[in-house]
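Thanks for asking me to look over this one with you. Have the sequence and the 3D view open side by side, and go through the points at your own pace.

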Amino acid sequence: MISIILQGAGIVAVLAAVTKLVQSRRSLTPSVVYLCGAIGFVGLSAALVAPASLLWVSVWEPMSNLGRLVANILAMVAGVCVHGLLTHLVHDGARARRLMRIQVLVAAVAAAAMTALMIAAGIPFHPEFLSAFADRPAVAAYVTVFALYIGWATSLFGWFLRHYIAQSSRRWLRAGLRTIQAGCVASAGWALTKIAAAVWAVTGHDPGVLDPLGGACAGACVALVAVGATMPVWGPRVAMPITWCRAKFQARKLHPLWRRLADELPQITLPTGTVASNAQFALYRRVVEIRDAQLVLRSFVHPEAGDWARRAAEEAGLDERATHQVVEAACLAAALDSHAAGHRHRTEPGEATAPYRGVAADLHTEARWLIQVGHAFDRSPIVSTVRDRARAALPDPTA
(Lines give C-alpha, C1' and ligand atoms only; values in the text may rest on other atoms or scores of the structure.)
Protein backbone atom coordinates (compact mmCIF):
# COMPACT_ATOMS: atom_id res chain seq x y z
CA MET A 1 0.00 0.00 0.00
CA ILE A 2 2.84 2.40 0.88
CA SER A 3 4.50 1.66 -2.48
CA ILE A 4 1.30 2.47 -4.35
CA ILE A 5 0.93 5.77 -2.48
CA LEU A 6 4.52 6.86 -3.03
CA GLN A 7 4.72 5.76 -6.67
CA GLY A 8 1.35 7.31 -7.51
CA ALA A 9 2.18 10.57 -5.78
CA GLY A 10 5.60 10.62 -7.46
CA ILE A 11 4.10 10.17 -10.91
CA VAL A 12 1.59 12.95 -10.21
CA ALA A 13 4.41 15.25 -9.09
CA VAL A 14 6.59 14.58 -12.15
CA LEU A 15 3.65 15.12 -14.50
CA ALA A 16 2.76 18.32 -12.67
CA ALA A 17 6.33 19.61 -13.03
CA VAL A 18 6.42 18.79 -16.75
CA THR A 19 2.99 20.40 -17.26
CA LYS A 20 4.09 23.57 -15.48
CA LEU A 21 7.28 23.77 -17.56
CA VAL A 22 5.36 23.35 -20.81
CA GLN A 23 2.82 25.99 -19.83
CA SER A 24 5.59 28.45 -18.87
CA ARG A 25 8.01 27.67 -21.71
CA ARG A 26 7.60 31.13 -23.27
CA SER A 27 8.30 33.00 -20.05
CA LEU A 28 10.64 30.80 -18.05
CA THR A 29 12.07 32.53 -15.00
CA PRO A 30 14.47 31.13 -12.39
CA SER A 31 11.57 30.93 -9.92
CA VAL A 32 9.50 28.80 -12.31
CA VAL A 33 12.46 26.54 -13.10
CA TYR A 34 13.22 26.02 -9.42
CA LEU A 35 9.55 25.38 -8.62
CA CYS A 36 9.30 22.74 -11.32
CA GLY A 37 12.60 21.26 -10.20
CA ALA A 38 11.39 20.99 -6.62
CA ILE A 39 8.18 19.27 -7.65
CA GLY A 40 9.83 16.98 -10.19
CA PHE A 41 12.78 15.88 -8.05
CA VAL A 42 10.64 15.22 -5.00
CA GLY A 43 8.35 13.16 -7.22
CA LEU A 44 11.27 11.12 -8.58
CA SER A 45 12.54 10.63 -5.04
CA ALA A 46 9.16 9.46 -3.78
CA ALA A 47 8.71 7.01 -6.66
CA LEU A 48 12.22 5.58 -6.21
CA VAL A 49 12.10 5.30 -2.41
CA ALA A 50 8.90 3.23 -2.53
CA PRO A 51 9.63 -0.27 -1.15
CA ALA A 52 8.66 -1.97 -4.43
CA SER A 53 10.96 0.34 -6.42
CA LEU A 54 13.89 -0.23 -4.06
CA LEU A 55 13.41 -3.99 -4.26
CA TRP A 56 13.48 -3.85 -8.06
CA VAL A 57 16.58 -1.61 -8.13
CA SER A 58 18.41 -3.80 -5.59
CA VAL A 59 18.67 -6.58 -8.15
CA TRP A 60 21.17 -4.70 -10.31
CA GLU A 61 22.57 -1.86 -8.14
CA PRO A 62 26.41 -2.02 -7.90
CA MET A 63 26.44 -1.02 -4.22
CA SER A 64 24.00 -2.08 -1.55
CA ASN A 65 21.35 0.54 -0.86
CA LEU A 66 22.52 2.74 -3.75
CA GLY A 67 18.89 3.15 -4.87
CA ARG A 68 17.92 4.50 -1.45
CA LEU A 69 20.91 6.83 -1.40
CA VAL A 70 20.05 8.18 -4.87
CA ALA A 71 16.40 8.65 -3.87
CA ASN A 72 17.42 10.57 -0.75
CA ILE A 73 19.88 12.76 -2.68
CA LEU A 74 17.14 13.51 -5.26
CA ALA A 75 14.96 14.71 -2.37
CA MET A 76 17.82 16.94 -1.22
CA VAL A 77 18.13 18.35 -4.75
CA ALA A 78 14.42 19.18 -4.46
CA GLY A 79 15.26 20.98 -1.21
CA VAL A 80 17.94 22.99 -3.03
CA CYS A 81 15.33 23.93 -5.63
CA VAL A 82 13.01 25.09 -2.82
CA HIS A 83 15.76 27.37 -1.55
CA GLY A 84 16.38 28.55 -5.11
CA LEU A 85 12.73 29.48 -5.47
CA LEU A 86 12.74 31.41 -2.19
CA THR A 87 16.01 33.15 -2.99
CA HIS A 88 14.95 34.34 -6.43
CA LEU A 89 11.61 35.57 -5.12
CA VAL A 90 13.21 37.65 -2.38
CA HIS A 91 16.53 38.85 -3.86
CA ASP A 92 17.84 40.23 -7.13
CA GLY A 93 19.60 37.99 -9.64
CA ALA A 94 23.23 38.54 -8.56
CA ARG A 95 22.57 38.17 -4.82
CA ALA A 96 20.29 35.18 -5.45
CA ARG A 97 23.05 33.40 -7.36
CA ARG A 98 25.55 34.04 -4.57
CA LEU A 99 23.18 32.67 -1.95
CA MET A 100 22.40 29.65 -4.10
CA ARG A 101 26.08 28.76 -4.28
CA ILE A 102 26.05 28.53 -0.48
CA GLN A 103 22.91 26.39 -0.52
CA VAL A 104 24.40 24.04 -3.10
CA LEU A 105 27.55 23.74 -1.00
CA VAL A 106 25.53 22.91 2.14
CA ALA A 107 23.50 20.30 0.27
CA ALA A 108 26.66 18.83 -1.29
CA VAL A 109 28.32 18.50 2.12
CA ALA A 110 25.21 16.83 3.53
CA ALA A 111 25.01 14.46 0.54
CA ALA A 112 28.71 13.62 0.87
CA ALA A 113 28.28 12.93 4.58
CA MET A 114 25.32 10.66 3.85
CA THR A 115 27.29 8.80 1.18
CA ALA A 116 30.20 8.31 3.57
CA LEU A 117 27.90 7.12 6.35
CA MET A 118 26.15 4.67 4.00
CA ILE A 119 29.49 3.22 2.88
CA ALA A 120 30.79 3.11 6.46
CA ALA A 121 27.68 1.26 7.61
CA GLY A 122 28.54 -1.63 5.26
CA ILE A 123 25.05 -3.09 5.39
CA PRO A 124 23.28 -5.27 2.82
CA PHE A 125 20.06 -4.28 1.13
CA HIS A 126 16.97 -4.74 3.26
CA PRO A 127 13.48 -3.47 2.39
CA GLU A 128 12.97 -2.40 6.01
CA PHE A 129 16.09 -0.24 6.09
CA LEU A 130 15.39 1.67 9.29
CA SER A 131 13.89 -1.23 11.21
CA ALA A 132 16.76 -3.55 10.31
CA PHE A 133 19.77 -1.27 10.75
CA ALA A 134 18.85 1.92 12.63
CA ASP A 135 20.42 0.54 15.81
CA ARG A 136 23.78 1.17 14.11
CA PRO A 137 25.07 4.69 14.80
CA ALA A 138 26.12 5.28 11.17
CA VAL A 139 22.63 4.50 9.87
CA ALA A 140 20.95 6.58 12.58
CA ALA A 141 23.24 9.51 11.72
CA TYR A 142 22.50 9.06 8.00
CA VAL A 143 18.75 9.22 8.61
CA THR A 144 19.08 12.20 10.95
CA VAL A 145 21.18 14.28 8.51
CA PHE A 146 18.79 13.59 5.67
CA ALA A 147 15.60 14.25 7.67
CA LEU A 148 16.95 17.47 9.17
CA TYR A 149 17.85 18.91 5.77
CA ILE A 150 14.53 18.04 4.13
CA GLY A 151 12.46 19.14 7.11
CA TRP A 152 14.31 22.44 7.33
CA ALA A 153 14.01 23.20 3.60
CA THR A 154 10.30 22.48 3.31
CA SER A 155 9.36 24.13 6.62
CA LEU A 156 11.14 27.32 5.56
CA PHE A 157 9.26 27.27 2.27
CA GLY A 158 5.89 26.77 3.95
CA TRP A 159 6.58 29.62 6.35
CA PHE A 160 7.57 31.93 3.50
CA LEU A 161 4.34 31.22 1.61
CA ARG A 162 2.33 33.06 4.28
CA HIS A 163 3.32 36.42 2.78
CA TYR A 164 2.21 35.46 -0.72
CA ILE A 165 -1.11 34.03 0.46
CA ALA A 166 -1.89 37.28 2.31
CA GLN A 167 -1.03 39.42 -0.73
CA SER A 168 -2.77 37.35 -3.40
CA SER A 169 -6.25 38.32 -4.57
CA ARG A 170 -6.66 35.25 -6.80
CA ARG A 171 -8.86 32.66 -5.16
CA TRP A 172 -7.36 29.58 -6.80
CA LEU A 173 -3.80 30.78 -6.33
CA ARG A 174 -4.46 31.18 -2.60
CA ALA A 175 -6.00 27.71 -2.47
CA GLY A 176 -2.99 26.25 -4.28
CA LEU A 177 -0.51 27.93 -1.95
CA ARG A 178 -2.41 26.70 1.11
CA THR A 179 -2.34 23.19 -0.34
CA ILE A 180 1.43 23.47 -0.79
CA GLN A 181 1.68 24.67 2.81
CA ALA A 182 -0.16 21.54 3.90
CA GLY A 183 2.41 19.51 1.96
CA CYS A 184 5.20 21.32 3.83
CA VAL A 185 3.53 20.39 7.12
CA ALA A 186 3.40 16.76 5.96
CA SER A 187 7.12 16.97 5.09
CA ALA A 188 7.93 18.28 8.56
CA GLY A 189 5.90 15.41 9.99
CA TRP A 190 7.89 12.95 7.89
CA ALA A 191 11.20 14.43 9.10
CA LEU A 192 10.13 14.25 12.74
CA THR A 193 8.97 10.67 12.25
CA LYS A 194 12.31 9.63 10.74
CA ILE A 195 14.36 11.30 13.47
CA ALA A 196 12.14 9.78 16.15
CA ALA A 197 12.49 6.35 14.54
CA ALA A 198 16.30 6.67 14.45
CA VAL A 199 16.45 7.67 18.12
CA TRP A 200 13.99 4.93 19.01
CA ALA A 201 16.12 2.31 17.24
CA VAL A 202 19.42 3.44 18.78
CA THR A 203 17.86 3.02 22.23
CA GLY A 204 17.10 -0.61 21.40
CA HIS A 205 13.46 -0.39 20.34
CA ASP A 206 11.81 -1.42 17.06
CA PRO A 207 11.30 1.66 14.85
CA GLY A 208 9.15 -0.24 12.36
CA VAL A 209 5.96 0.90 14.05
CA LEU A 210 6.63 4.41 12.69
CA ASP A 211 7.17 3.32 9.07
CA PRO A 212 3.48 3.54 8.01
CA LEU A 213 3.24 7.05 9.45
CA GLY A 214 6.43 8.15 7.70
CA GLY A 215 5.31 6.70 4.38
CA ALA A 216 1.91 8.35 4.66
CA CYS A 217 3.52 11.74 5.43
CA ALA A 218 5.90 11.42 2.49
CA GLY A 219 3.13 10.49 0.06
CA ALA A 220 0.91 13.27 1.36
CA CYS A 221 3.72 15.82 0.98
CA VAL A 222 4.42 14.91 -2.64
CA ALA A 223 0.76 14.76 -3.62
CA LEU A 224 -0.21 18.01 -1.88
CA VAL A 225 2.69 19.99 -3.35
CA ALA A 226 1.98 18.67 -6.85
CA VAL A 227 -1.75 19.37 -6.60
CA GLY A 228 -1.23 22.81 -5.06
CA ALA A 229 1.27 23.89 -7.71
CA THR A 230 -1.13 23.12 -10.55
CA MET A 231 -4.38 24.08 -8.83
CA PRO A 232 -4.56 27.62 -10.32
CA VAL A 233 -4.63 25.99 -13.78
CA TRP A 234 -7.15 23.18 -13.36
CA GLY A 235 -9.10 24.49 -10.35
CA PRO A 236 -11.33 26.96 -12.22
CA ARG A 237 -12.14 24.35 -14.88
CA VAL A 238 -13.06 21.71 -12.31
CA ALA A 239 -15.19 24.24 -10.41
CA MET A 240 -17.11 25.43 -13.47
CA PRO A 241 -20.10 23.03 -13.00
CA ILE A 242 -20.25 23.90 -9.29
CA THR A 243 -20.06 27.62 -10.06
CA TRP A 244 -22.82 27.27 -12.67
CA CYS A 245 -25.12 25.44 -10.23
CA ARG A 246 -24.37 27.97 -7.52
CA ALA A 247 -25.18 30.88 -9.82
CA LYS A 248 -28.44 29.26 -10.96
CA PHE A 249 -29.45 28.59 -7.35
CA GLN A 250 -28.69 32.12 -6.18
CA ALA A 251 -30.43 33.70 -9.18
CA ARG A 252 -33.55 31.66 -8.40
CA LYS A 253 -33.41 32.70 -4.74
CA LEU A 254 -33.08 36.37 -5.76
CA HIS A 255 -36.01 36.21 -8.18
CA PRO A 256 -38.82 37.11 -5.69
CA LEU A 257 -37.07 40.29 -4.53
CA TRP A 258 -36.03 41.20 -8.06
CA ARG A 259 -39.56 40.58 -9.36
CA ARG A 260 -41.09 43.02 -6.84
CA LEU A 261 -38.59 45.72 -7.78
CA ALA A 262 -38.85 45.09 -11.52
CA ASP A 263 -42.66 45.29 -11.41
CA GLU A 264 -42.51 48.67 -9.69
CA LEU A 265 -39.46 49.96 -11.58
CA PRO A 266 -39.40 48.35 -15.03
CA GLN A 267 -36.68 50.78 -16.14
CA ILE A 268 -34.05 48.92 -14.10
CA THR A 269 -34.27 45.74 -16.23
CA LEU A 270 -32.07 45.17 -19.24
CA PRO A 271 -33.80 44.51 -22.56
CA THR A 272 -34.39 40.79 -23.02
CA GLY A 273 -32.29 40.61 -26.18
CA THR A 274 -29.17 41.84 -24.37
CA VAL A 275 -29.15 39.04 -21.78
CA ALA A 276 -26.67 36.24 -22.45
CA SER A 277 -27.65 32.64 -21.72
CA ASN A 278 -25.04 32.34 -18.98
CA ALA A 279 -25.77 31.54 -15.35
CA GLN A 280 -23.06 33.86 -14.03
CA PHE A 281 -24.25 36.74 -16.18
CA ALA A 282 -27.86 36.11 -15.17
CA LEU A 283 -26.88 36.31 -11.51
CA TYR A 284 -24.80 39.42 -12.17
CA ARG A 285 -27.81 40.97 -13.88
CA ARG A 286 -30.07 40.22 -10.91
CA VAL A 287 -27.62 41.76 -8.41
CA VAL A 288 -26.97 44.89 -10.50
CA GLU A 289 -30.66 45.51 -11.18
CA ILE A 290 -31.55 45.14 -7.49
CA ARG A 291 -28.81 47.59 -6.57
CA ASP A 292 -29.98 49.98 -9.30
CA ALA A 293 -33.49 49.82 -7.88
CA GLN A 294 -32.18 50.68 -4.42
CA LEU A 295 -30.45 53.74 -5.81
CA VAL A 296 -33.59 54.87 -7.64
CA LEU A 297 -35.66 54.42 -4.47
CA ARG A 298 -33.33 56.25 -2.09
CA SER A 299 -35.31 59.50 -2.18
CA PHE A 300 -38.51 57.56 -1.46
CA VAL A 301 -37.27 56.04 1.82
CA HIS A 302 -39.09 57.38 4.90
CA PRO A 303 -36.57 59.49 6.88
CA GLU A 304 -37.10 57.46 10.07
CA ALA A 305 -37.58 53.97 8.59
CA GLY A 306 -33.95 52.99 9.09
CA ASP A 307 -33.90 54.17 12.73
CA TRP A 308 -37.17 52.36 13.49
CA ALA A 309 -35.83 49.12 12.05
CA ARG A 310 -32.45 49.45 13.77
CA ARG A 311 -33.95 50.06 17.22
CA ALA A 312 -36.37 47.15 16.82
CA ALA A 313 -33.57 44.84 15.65
CA GLU A 314 -31.39 45.78 18.63
CA GLU A 315 -34.29 45.21 21.02
CA ALA A 316 -34.83 41.80 19.41
CA GLY A 317 -31.17 40.90 20.04
CA LEU A 318 -30.17 40.54 16.39
CA ASP A 319 -26.45 40.55 15.59
CA GLU A 320 -24.84 43.30 13.53
CA ARG A 321 -25.13 41.47 10.21
CA ALA A 322 -28.80 40.57 10.67
CA THR A 323 -29.55 44.12 11.85
CA HIS A 324 -28.11 45.63 8.67
CA GLN A 325 -30.12 43.18 6.56
CA VAL A 326 -33.36 44.02 8.37
CA VAL A 327 -32.69 47.76 8.07
CA GLU A 328 -31.97 47.43 4.35
CA ALA A 329 -35.12 45.35 3.80
CA ALA A 330 -37.29 47.76 5.84
CA CYS A 331 -36.03 50.82 3.93
CA LEU A 332 -36.61 49.02 0.64
CA ALA A 333 -40.17 47.99 1.57
CA ALA A 334 -41.07 51.48 2.77
CA ALA A 335 -39.58 53.04 -0.36
CA LEU A 336 -41.57 50.73 -2.65
CA ASP A 337 -44.83 51.85 -0.99
CA SER A 338 -43.82 55.52 -1.27
CA HIS A 339 -42.92 55.10 -4.92
CA ALA A 340 -46.22 53.39 -5.64
CA ALA A 341 -48.00 56.32 -3.96
CA GLY A 342 -45.89 58.81 -5.92
CA HIS A 343 -44.61 60.44 -2.74
CA ARG A 344 -40.93 61.43 -2.60
CA HIS A 345 -39.75 62.12 0.97
CA ARG A 346 -36.69 64.15 -0.02
CA THR A 347 -35.18 65.73 -3.10
CA GLU A 348 -31.62 64.70 -2.22
CA PRO A 349 -31.20 61.20 -0.77
CA GLY A 350 -29.28 61.09 2.50
CA GLU A 351 -26.44 58.78 3.46
CA ALA A 352 -28.74 56.83 5.80
CA THR A 353 -30.80 55.64 2.82
CA ALA A 354 -27.81 54.09 1.02
CA PRO A 355 -27.55 50.29 0.83
CA TYR A 356 -25.19 48.73 3.38
CA ARG A 357 -21.60 48.89 2.10
CA GLY A 358 -20.01 46.27 4.35
CA VAL A 359 -20.45 43.47 1.79
CA ALA A 360 -17.39 42.11 -0.03
CA ALA A 361 -17.17 43.10 -3.69
CA ASP A 362 -17.71 39.55 -4.85
CA LEU A 363 -20.69 38.49 -6.95
CA HIS A 364 -21.65 35.43 -4.91
CA THR A 365 -21.05 37.13 -1.57
CA GLU A 366 -23.26 40.06 -2.55
CA ALA A 367 -25.88 37.68 -3.92
CA ARG A 368 -25.97 35.84 -0.57
CA TRP A 369 -26.43 39.16 1.19
CA LEU A 370 -29.33 40.21 -1.04
CA ILE A 371 -30.96 36.80 -0.62
CA GLN A 372 -30.97 37.38 3.14
CA VAL A 373 -32.36 40.88 2.59
CA GLY A 374 -35.12 39.30 0.50
CA HIS A 375 -35.89 36.81 3.26
CA ALA A 376 -36.13 39.67 5.77
CA PHE A 377 -38.37 41.56 3.32
CA ASP A 378 -40.80 38.63 3.22
CA ARG A 379 -40.59 37.18 6.72
CA SER A 380 -39.32 39.70 9.27
CA PRO A 381 -42.00 41.09 11.61
CA ILE A 382 -39.74 44.12 12.09
CA VAL A 383 -39.89 44.91 8.39
CA SER A 384 -43.66 44.46 8.41
CA THR A 385 -44.04 46.82 11.39
CA VAL A 386 -41.77 49.50 9.90
CA ARG A 387 -43.59 49.22 6.58
CA ASP A 388 -46.95 49.76 8.26
CA ARG A 389 -45.65 52.80 10.16
CA ALA A 390 -44.16 54.32 7.01
CA ARG A 391 -47.32 53.59 5.01
CA ALA A 392 -49.45 55.29 7.69
CA ALA A 393 -47.31 58.43 7.32
CA LEU A 394 -48.03 58.70 3.60
CA PRO A 395 -50.46 61.46 2.56
CA ASP A 396 -54.03 60.34 1.93
CA PRO A 397 -54.51 60.40 -1.88
CA THR A 398 -58.28 61.03 -1.42
CA ALA A 399 -57.76 64.08 0.82
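The notes below go through salt bridges, cysteines and surface patches in turn.

1. Before anything else, please keep in mind that this is a predicted model. Every value below was computed from that model, so treat the numbers as a description of the prediction.

2. Let's begin with charged pairs. Side chains of opposite charge can pair when their charged atoms come close. How many salt bridges does a search of the whole structure find? The search turns up nine salt bridges, and the next points visit some of them.

3. Try finding Glu 289 and Arg 285 in your viewer. Their side chains meet in a salt bridge, with 2.9 Å from N to O. Why are these two separated by about one helical turn? Because Glu 289 and Arg 285 are four residues apart in helix 10, which covers residues 279–297. Both Glu 289 and Arg 285 are buried.

4. Helix 10 also takes part in a longer-range contact, through Arg 291. The side chain of Arg 291 forms a salt bridge with that of Glu 366, at 2.7 Å from N to O. Here the pair links distant parts of the chain: Arg 291 sits in helix 10 and Glu 366 in helix 13 (residues 363–379), 75 residues apart. Is Arg 291 buried or exposed? Arg 291 is buried, since its relative accessible area is 13% and the cut-off for buried is under 20%.

5. Next, look at Asp 337 and Arg 387, whose side chains meet in a salt bridge of 2.8 Å, N to O. Asp 337 belongs to helix 12 (residues 320–341) and Arg 387 to helix 14 (residues 381–392), so this pair ties together parts that are 50 residues apart in sequence. The two partners fall into separate accessibility classes: Asp 337 counts as buried at 14% relative accessibility, while Arg 387 counts as partly exposed at 23%. There is also a wider picture here, as Asp 337, Arg 387, Asp 388 and Arg 391 are linked in a network of salt bridges.

6. Now for the cysteines. How many disulfides are found in the whole structure? The search finds zero. Take Cys 81 as one case: the closest cysteine sulfur, in Cys 36, is 9.7 Å from the sulfur of Cys 81, so it is too far for a bond. A second case is Cys 221, where the closest cysteine sulfur, in Cys 184, is 6.7 Å away and therefore also too far for a bond. For comparison, a disulfide needs the two sulfur atoms within 2.5 Å. Cys 81 is buried, at 9% relative accessibility, and Cys 221 is buried too, with a relative accessible area of 9%.

7. Turn to the surface and look for a nonpolar patch. Which residues form it? They are Val 12, Val 227, Trp 234 and Val 238, which together have about 310 Å² of accessible area. Helix 9 (residues 211–264) gives the largest share of the nonpolar patch, three residues. Trp 234 lies in helix 9 and counts as partly exposed, with 32% relative accessibility.

8. Finally, there is a positive patch on the surface, formed by Arg 95, Arg 97, Arg 98 and Arg 101. Where is Arg 98 placed? Arg 98 is found in helix 5, residues 93–121. Arg 98 is partly exposed, with a relative accessible area of 44%.

Terms used. Residues numbered from 1 in each chain as written. Predicted model: local features only at pLDDT ≥ 70, side-chain atom pairs only at ≥ 80, totals over all residues. Heavy atoms only, no water. Patch = residues over 30% accessible without salt bridge, like charges linked within 9 Å, V, L, I, M, F, W, Y side chains within 5 Å. Areas by Shrake-Rupley, 256 points an atom, 1.4 Å probe, with all protein chains shown as cover. Salt bridge = Lys/Arg side-chain N within 4 Å of Asp/Glu carboxyl O. Lys, Arg positive; Asp, Glu negative; His and termini not counted. Charge placed at Lys NZ, Arg CZ, Asp CG, Glu CD. Buried < 20%, exposed > 50% of the residue type's maximum accessible area, 1.4 Å probe, protein only.
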